[in-house]
Amino acid sequence: MSNVVTDELAWLAATGIARARGVFITATDTGAGKTWVSRRLIAALRANGLEVVARKPVESGWNAADVTTTDAWQLAQAADIDPVQVCRYHFHAPLSPPRAAAQEGVTLSIATLAQACWAGVTDQQYVLVEGAGGFYSPLAADGLNADLAVALGLPVLLVTEDRVGCLNPVLLSLEAAQRRGLQIAGIVLNRRNPPPAGMDNAADLRAFTSVPLWQTA
């Protein structure tokens, strides 16, 4: 059976994510489409009967004039919860979270962000946590997205834009996660633009990993 699927429900079954306590969503880089994937995944999890609590513990580049443009608002809409519950820390500057926080006199820690992720979550709820930027992007004064993933202990979903050049960061991220003892439950090849003739990242990745792949249309 191929480990590449184009339907998120089939991919979800292959990953086992729905049977876990939750999931941590990260990416190979900024702009890979984490929030779009998160919204699709939330819908699939809710269709499976799960009560999903979405968390974006920190978001920079926050548009206070129109919060509907923020990742946190989009996640809240998908999960049908109050946006205030999704994001505990948000900062104006469109910089890495620790730099944006420092400009506003705030020092973030991985422990603080982990606490924000679990705050108010019951044993009957499923927690979906979306990081900020790439897997090794700074997230707090004392750590990276990778460190928050370790602190949460959740299976990891890796999102990458399905484009020429994505194989290297995907494989590097897989190795980095493995070294930290994390479970990569799935990879999403998010196709945002028409592929060049002959490109087949899914087939190429199959040669190096058995992690279930979801290739978006």
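## A loop residue with positive phi

In this predicted model, Asp80 sits in the loop that joins α3 (71-79) to α4 (83-86). Although Asp80 is not a glycine, its phi is positive, at about 60°. Is Asp80 buried or exposed? With a relative accessibility of 61%, Asp80 counts as exposed.

## The chain as a whole

The chain contains 9 helices and 11 strands. Its radius of gyration is 16 Å, close to the 17 Å that the globule rule gives for 217 residues, so the chain is as compact as a globular protein of that length. Measured out along the principal axes, the box filled by the C-alpha atoms is roughly 50 × 35 × 35 Å.

Of the 217 residues in the chain, 52% are buried. The area that the chain exposes is about 9900 Å², and carbon and sulfur atoms supply 50% of this area. Where contacts link residues at least 6 apart in sequence, 78% of them join residues at least 24 apart. The chain carries 16 positive and 19 negative charges, and the mean positions of the two sets are 2 Å apart.

## Aromatic pairs

How many aromatic pairs does the model hold? The count comes to 2 aromatic pairs. One of them is formed by Trp11 and Trp214, and this pair is tilted, with 5.4 Å from centre to centre and 40° between the planes. Trp11 belongs to helix α1 (residues 8-15) and Trp214 to strand β11 (residues 213-215), so the pair ties together parts that are 203 residues apart in sequence. Trp11 is buried, at 0% relative accessibility, and Trp214 is buried as well, with a relative accessible area of 1%.

Phe135 and Tyr136 form an aromatic pair that is stacked: their ring centres are 5.6 Å apart and their planes meet at 15°. Which side of the burial cut-off does each partner fall on? Phe135 counts as buried because its relative accessibility of 4% is under 20%. Tyr136, by contrast, is partly exposed, with a relative accessible area of 46%.

## Two buried strand residues

Tyr126 is part of strand β6 (residues 126-130). The residue is buried, with a relative accessible area of 2%. Which residues are in contact with Tyr126, leaving aside its neighbours within four places in sequence? They are Ile17, Ala18, Ala20, Arg21, Gly22, Val23, Leu45, Leu50, Glu51, Val52 and Val53. Ala111 is 15 residues away from Tyr126 along the chain, and the C-alpha atoms of these two residues are separated by 20 Å.

Glu59 is found in strand β4 (residues 58-59). Glu59 is buried, with a relative accessible area of 6%. Not counting residues up to four places away in sequence, Glu59 touches Thr70, Asp71, Ala72, Cys87, Tyr89, His90 and Phe91. Between Glu59 and Ala119, which are 60 residues apart along the chain, the C-alpha separation is 17 Å.

## Two exposed loop residues

Gln124 is located in the loop between α6 (110-118) and β6. Is Gln124 buried or exposed? Its relative accessibility is 65%, and Gln124 therefore counts as exposed. Ala176 lies 52 residues from Gln124 along the chain, and 31 Å separates their C-alpha atoms.

Gly181 occupies a place in the loop between α8 (167-179) and β10 (184-190). At a relative accessibility of 66%, Gly181 counts as exposed. The C-alpha atoms of Gly181 and Thr69 are separated by 35 Å, and the two residues are 112 apart along the chain.

Conventions:
Residues are numbered from 1 along each chain as its sequence is written. This is a predicted model: local features need pLDDT of at least 70, side-chain atom pairs count only at pLDDT 80 or more; totals for chains, interfaces and linings use all residues. Side-chain values use heavy atoms; hydrogens and water are left out. Rings of Phe, Tyr and Trp (its six-membered ring) pair if their centres lie within 6.5 Å; planes under 30 degrees apart count as stacked, over 60 as edge-to-face and the rest as tilted. Helices (H or I, at least four residues) and strands (E, at least two) are DSSP runs, numbered from the N terminus. Buried means under 20% relative accessible area, exposed over 50%, partly exposed in between (1.4 Å probe, protein chains only). The radius of gyration is taken over C-alpha atoms; the globule rule is 2.2 Å times the number of residues to the power 0.38. Contact means heavy atoms within 4.5 Å. Accessible areas come from the Shrake-Rupley method with a 1.4 Å probe; for residues, only the protein chains shown count as cover. Lys and Arg count as positive and Asp and Glu as negative; His and the chain ends are not counted. The place of a charge is taken as NZ of Lys, CZ of Arg, CG of Asp or CD of Glu.
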